[in-house]
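This briefing introduces a single protein chain to a reader who is new to structural description. Please look at the sequence and the model before reading the points that follow.

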Amino acid sequence: MSAIPPSFHSLEHEAPFQQCLTCDREFEEIDDPYTVTKVFKGPECVFEYAMCLPCRRNLARSFSEESQQTMKKFFEDNDHLAWRSERLAGKEDHRDWIAQCATCATPLAELTDYSLACMGFGDQMIIDPFPMMVCARCEKDIQSRLSKTTRDQWDKFILDNFEGPPADSLKPDGIPILV
Ligand SMILES: [Zn+2]
Ligand SMILES: [Zn+2]
């Protein structure tokens, strides 16, 4: 574990994320890990949130069974992810972990649209398989395999939890469901 690097801090608050988007519990006070997700379009972070693991599980459970399996399979069948864990074993610098798309290995330097995610516990970052970067193309690929019910559920979650997310980031492809 190492301190959560500034690239995973909240842009809005200019500080590390303090609490879960959904249940409002403070990360310092809970015994659950949480994830920080940031979506980049061009050089700009258009969307960010942090969520505790129990809330993340609840959200995943609200998706269709079929979609849950699809997402699970997408990562389980991903040889690159296993290879990545082996190759990066012992590395504590988050930049090593986000240097390539976790699913297709495209280098970050060649991308403009992508998402970043890390897993935190208190004020520390848990390494492997996070932190992670997934390129927009892979996100679209995963998205296209999900059921309409799941995509609708996700859109509802976004609308319920974010006041006026940037309209541009909601369309035409929406906010990526992963990572
Ligand atoms: Zn929560
Ligand atoms: Zn990719």
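What percentage of the 179 residues of the chain count as buried? The share that counts as buried is 28%. The model is a predicted one, and the points below describe its overall form, its nonpolar core and some particular features of its backbone.

**Overall form**

- The secondary structure consists of seven helices and six strands.
- Following the sequence from its start, these elements occur in the pattern β-β-β-α-α-α-α-β-β-β-α-α-α.
- The chain has a radius of gyration of 15 Å, close to the 16 Å given by the globule rule for 179 residues, so the chain is as compact as a globular protein of that length.
- Measured out along the principal axes, a description of extent is also available: the C-alpha trace spans about 40 × 35 × 30 Å.
- When contacts between residues at least 6 apart in sequence are considered, 64% of them join residues at least 24 apart.

**The largest nonpolar core**

- The largest nonpolar core contains 30 residues.
- Within this core, the residues with the most contacts are Cys118, Met132, Met133 and Val134.
- Two or more core residues come from each of strand S2 (34-41), strand S3 (44-52), strand S4 (114-121) and strand S6 (132-135).
- Strand S4 provides the largest share of the core, namely five residues.
- Leaving aside residues up to four places away in sequence, Cys118 touches Ile4, Phe8, Thr35, Val36, His94, Met125, Phe130 and Pro131.

**The loop between S5 and S6**

- Asp128 is situated in the loop between S5 and S6, and its phi is positive, at about 75°, although Asp128 is not a glycine.
- Asp128 is partly exposed, because 14 other C-beta atoms lie within 10 Å.
- The peptide bond that leads from Asp128 to Pro129 is cis, with omega near 5°.
- Pro129 is placed in the loop between strand S5 (124-126) and S6.
- A cis peptide bond also joins Phe130 to Pro131, with omega near -10°.
- Pro131 likewise belongs to the loop between S5 and S6, and Pro131 is among the residues that Cys118 touches.

**The loop between S1 and S2**

- Glu14 is found in the loop between strand S1 (2-3) and S2.
- Phi of Glu14 is near 50°, which is a positive value in a residue other than glycine.
- Is Glu14 buried or exposed? Glu14 counts as exposed, because it has 8 C-beta neighbours inside 10 Å.

Conventions. Residues numbered from 1 in each chain as written. Chains lettered and ligands numbered in written order. Predicted model: local features only at pLDDT ≥ 70, side-chain atom pairs only at ≥ 80, totals over all residues. Core = buried A, V, L, I, M, F, W, Y, C linked by C-beta atoms within 7 Å. Buried ≥ 20, exposed ≤ 12 C-beta atoms within 10 Å, placed from the backbone. Helix = DSSP H or I, 4+ residues; strand = E, 2+ residues; numbered from the N terminus. Contact = placed C-beta atoms within 7 Å. Rg over C-alpha atoms; globule rule 2.2 N^0.38 Å.
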